[in-house]
Amino acid sequence: MDFDTTRFTIIDHPLVQHKLHILRDRDTGTKQFRELVTELAIFEGYEAMRDFPLEDVQVETPLEVTTCKRISGKKVAIIPILRAGLGMVDGLLSLVPSARVGHVGMYRDPDTHEPHQYYCKFPPDVESRICLIVDPMLATGGSLTAAIRFLRDAGVKDIRALTLVSAPEGVKAVLDFDSDVHLYTCALDRQLNESAYILPGLGDAGDRIYGTK
């Protein structure tokens, strides 16, 4: 499937691949599944924040004053797509504890597979932050493109999307929808089935995170 690979990054670290095989296993329990989602979000966060802007700052060590680097600007907002996206928030907050967190609530119509919004709330200064939209599964791309549109409407310039498992159809939909968004994922799977579930996938991430399957 043809899409812009310059804005698409697969996190293929050996530890990521190892954790993914456990995440996919149908016998992996809720507690371990939830922990793995958090751990994988940390790996993705490192890559998604690799090019964050830096500025000089003076620091007094026990021996002398030196010039160090710190992240500049208003920094980060984490935007989970409810409800499964909440499973990735703690991992990213462990990297950036000062990040603000917004929320986008959507559900998928079981017949049309189209997303329907029921909640949306962002930090008041979201337009000046680098926004990380998080959702474990990228299937059709409907929910993620809707979240991107909400953030663009709010004035956000820098949007990065983090998913764990993606279908080619969803990747193409997101990258075609917005020419400036960068998409990160841990796995690019084969395809969607007739019910718009990812194959081979890992089932419903929300149900497996919260034990509601």
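This report describes the helices, nonpolar cores, cysteines and one small sheet of a predicted model.

**Two helices**

Helix 2 and helix 4 are set side by side in the table, with the span from first to last C-alpha in each case.

| Helix | Residues | Length | Span | Expected span |
|---|---|---|---|---|
| Helix 2 | 30-48 | 19 residues | 27 Å | 27 Å |
| Helix 4 | 142-153 | 12 residues | 17 Å | 16 Å |

The span of helix 2 is thus close to the value expected at 1.5 Å a residue, and that of helix 4 is likewise close to its expected value.

The buried residues of helix 2 include Phe33, Leu36, Val37, Leu40 and Ala41. Further along helix 2, Glu44, Gly45 and Ala48 are buried as well. In an α-helix, residues three or four places apart point the same way, because there are 3.6 residues a turn. The cover over the buried residues of helix 2 includes three helices, namely helix 1 (14-24), helix 3 (89-95) and helix 6 (205-210). Strand 10 (159-162) and strand 12 (182-185) also contribute to this cover.

In helix 4, the buried set consists of Gly142, Leu144, Thr145, Ala146, Ala147, Ile148, Phe150 and Leu151. Gly155, just after helix 4, adopts a positive phi of about 95 degrees.

**The nonpolar cores**

The largest nonpolar core comprises 38 residues, and Leu20, Leu23, Leu162 and Leu164 have the most contacts inside it. Two or more residues of this core come from each of helix 1, helix 2, strand 4 (76-82), helix 3, strand 8 (130-134) and helix 6. Helix 2 supplies the largest share, six residues.

Which residues does Leu164 touch, leaving aside its neighbours within four places in sequence? Leu164 is in contact with Leu23, Val37, Leu40, Glu44 and Met88, and also with Asp135, Pro136, Thr185, Cys186 and Ala187. Among these partners, Val37, Leu40 and Glu44 are buried residues of helix 2.

Apart from the largest core lies another, of 26 residues, among them Val104, Leu144, Ala161 and Leu175. Leu144 is one of the buried residues of helix 4, whereas Leu175 belongs to helix 5 (residues 168-177). Leu175 counts as buried because its relative accessible area is 2%, below the 20% cut-off. With neighbours within four places in sequence set aside, its contacts are Phe3, Asp4, Arg7, Phe8, Val181 and Leu183. Leu175 and Phe52 are separated by 123 residues in sequence and by 21 Å in space, C-alpha to C-alpha.

**Cysteines**

How many disulfides does the model contain? The count is zero. For Cys120, the nearest cysteine sulfur is that of Cys131, 11 Å away; for Cys131, the nearest is that of Cys120. A disulfide requires sulfur atoms within 2.5 Å, and neither Cys120 nor Cys131 takes part in one. Is each of these cysteines buried, partly exposed or exposed? Cys120 is partly exposed, because its relative accessibility is 30%, whereas Cys131 is buried, at 0%.

**A three-stranded sheet**

Strands 9, 11 and 13 form an open sheet in the order 9-11-13, with parallel pairing. Strand 9 (137-138) and strand 13 (187-188) each have a single partner strand, so one side of each lacks a neighbour in the sheet. Strand 11 (residues 165-166) is joined to strand 13 by two bridges, and the two run parallel. Within this pairing, Val165 stands opposite Ala187 of strand 13. Ala187 is also one of the contacts of Leu164, a residue of the largest nonpolar core.

Terms used. Residues numbered from 1 in each chain as written. Predicted model: local features only at pLDDT ≥ 70, side-chain atom pairs only at ≥ 80, totals over all residues. Heavy atoms only, no water. Helix = DSSP H or I, 4+ residues; strand = E, 2+ residues; numbered from the N terminus. Expected span 1.5 Å × (residues − 1). Buried < 20%, exposed > 50% of the residue type's maximum accessible area, 1.4 Å probe, protein only. Contact = heavy atoms within 4.5 Å. Core = buried A, V, L, I, M, F, W, Y, C linked by side-chain atoms within 4.5 Å. Pairing = 2+ DSSP bridges.
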